[in-house]
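Q: Please take a close look at a single part of this protein, one central strand and what lies around it. A connected account with the cut-offs stated would be welcome.

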Amino acid sequence: MDAIKLRHPYAPQSGEGQVYLPSSLPAALSAMDKDVLHFIDMNIEDYHPEGDELAIHATGLPDIPKLHNLVSEYSSKAEIILGGIVLENMDSKDVRALFPGVKVSGHDFPVPDATHASLIPFYEGISDENMKKYLENEFSLYVSNGCIYSCAHCGALRTQIDPLTGKSTFVKESYRDHSIVERDLSYLIERAQKLGLTSLNFYMSNLDVFQTPFVLRGFILSLARIKAKYPNFNLDIRGLTNVNTFLKFPDDELRQFVGLGLTVLGFGVDAGNERMQVAIRKKHTGGLRKTREAIERCLDFGVQPELLTIYGHPEDDNESIQSMLQFMTEMVETYQVTPRPHVYRVIPGNDEWGRNPSLAEAIVHDPSLAQAFDFTAEANSFTHPKLVDEINAAFRETCELSTGGSTQLLRAIHPSMSAVERHKVYEWNMGKYDK
Ligand code: SF4
């Protein structure tokens, strides 16, 4: 089987694209016990088909245009299987219309469960030259997946509440077997050492790092064993969390986690005032006052805080947008937090997706329009029926608050744009990769 990592939507036409070792594609293939003969990262090399079976993973809607082109090119030459939560959360009829004759995870076969799968066989298939490139950059480490909360805007694997009946389908955070994560990470450290590296920089896959503290403790113990085994090797760990779960995590264990490499924590703030917290079901974070407390706690422990926020929810008004902008500005100026602003999108899996079937129809009709659903792109009248100027002004201002590590502002295409206008958007976005 050939396994493909798609070229980044904003990579230049030729040369190196985004260098990033993902965890979702290798985890899914390892869970399916697929023998990957050839892993091709189209950011690094061209694809010359070798097998008659091809697996491709989509990370988000902006991957759809390239995915659509690739499937159209190879569907008559190879059996293709596709995966990725964005496809899994789409309606089967839309998936079939976009990718006829192709097998898609969650529609034609169960979503692979990688809880007990090691990624080492997959890593072993990566050449030293490419592995060095990956390990010199931040990579994703699959530790857990799933979130118990049900924020309306979120398209991740989370608790769902049916907007019509109010019925909940609960999801709990589910960890990978710690011993397997420990083995995988030890393998990556030894591989890095052979390649002359003395540190690794990874992003934990957890949607909310401190959500299940009694299981997180097992992961921290794994890190402690790894540190004892490789005392001169450094880990730099970045994670995403909720304000409240972080604040409840005991001091002594947080200190141990920081000592083992936790260096950056991102907090999803997302709602500019109390009305918005209720509207998007984000009350569990404790609001802006608690966020300030979490930032101060981070700084006390030597951890760099990042604030992830979203402008342009359907329920936003100018007051909530301004309140969020003011808060972000104050946090950057007072505490030097890293601002990570985003612009709301209707995406598969969030509350609005099912209520707006015309968006899926538009993408099926013209797959290139999927680019417009990028969270770090400005709003336009296709993606936002109101407050476009207000959303973009706040988004731009927040992007400009910091020069290092913040969101790189992208532009979105619009169905009414000509080919020349779309090309200008592509040129603006080129090389701007979000972390
Ligand atoms: S807390 Fe984060 S991951 Fe969980 S539902 Fe809300 S936005 Fe999604």
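A: The account below begins with strand E13 and then moves outward to its surroundings.

This is a predicted model, in which local features need pLDDT of at least 70, side-chain atom pairs count only at pLDDT 80 or more, and totals for chains, interfaces and linings use all residues. Residues are numbered from 1 along each chain as its sequence is written.

Strand E13 covers residues 262-268; helices (H or I, at least four residues) and strands (E, at least two) are DSSP runs, numbered from the N terminus. Because 6 of the 7 residues of E13 are buried, the strand is largely enclosed by the rest of the structure. Here a residue is buried if 20 or more other C-beta atoms lie within 10 Å of its own, exposed if 12 or fewer, and partly exposed in between, with C-beta atoms placed from the backbone.

E13 pairs with strand E12 (residues 234-241) in the parallel sense over 5 bridges, where two strands pair if DSSP finds at least two bridges between them. In that pairing, Ile237 stands opposite Leu262 of E13. E13 is also joined by 5 bridges to strand E14 (residues 304-311), again running parallel. There, Val264 of E13 stands opposite Gln304 of E14.

The loop between E13 and helix H11 (274-279) holds Asp270. Its phi is near 65°, a positive value in a residue other than glycine. Most residues other than glycine have a negative phi. Asp270 is buried, since 23 other C-beta atoms lie within 10 Å. Gln336 offers a second case, with a positive phi near 55°. Gln336 sits in the loop between helix H13 (318-335) and strand E15 (338-343), and counts as exposed because 12 other C-beta atoms lie within 10 Å.

The ligand is surrounded by a shell of residues that includes Gly268, together with Leu207, Asp208 and Asn242. Other members of this shell include Cys147, Cys151, Cys154 and Arg158; a residue is near a molecule or strand if its C-beta atom, placed from the backbone, lies within 6 Å of it. By class, the shell divides into 6 nonpolar, 3 polar and 2 charged residues. In this scheme Ala, Val, Leu, Ile, Met, Phe, Trp, Tyr, Cys and Pro count as nonpolar, Asp, Glu, Lys and Arg as charged, and the others, Gly among them, as polar.

The largest nonpolar core has 104 residues, of which Ile56, Leu82, Tyr311 and Val343 touch the most other members. Such a core is a set of buried Ala, Val, Leu, Ile, Met, Phe, Trp, Tyr and Cys residues joined through C-beta atoms within 7 Å. Leaving aside neighbours within four places in sequence, Val343 is in contact with residues including Ile310, Tyr311, Phe375, Ile391 and Phe395. Two residues are in contact if their C-beta atoms, placed from the backbone, lie within 7 Å.

As for the wider setting, the domain assignment gives domain 1 (2-104), domain 2 (138-266) and domain 3 (269-435); these bounds come from an automatic or database domain assignment. The C-alpha centres of domain 1 and domain 2 lie 26 Å apart, and 7 residues of domain 1 are in contact with 8 residues of domain 2. On the side of domain 1 that touches domain 2, the residues divide into 5 nonpolar, 2 polar and no charged.
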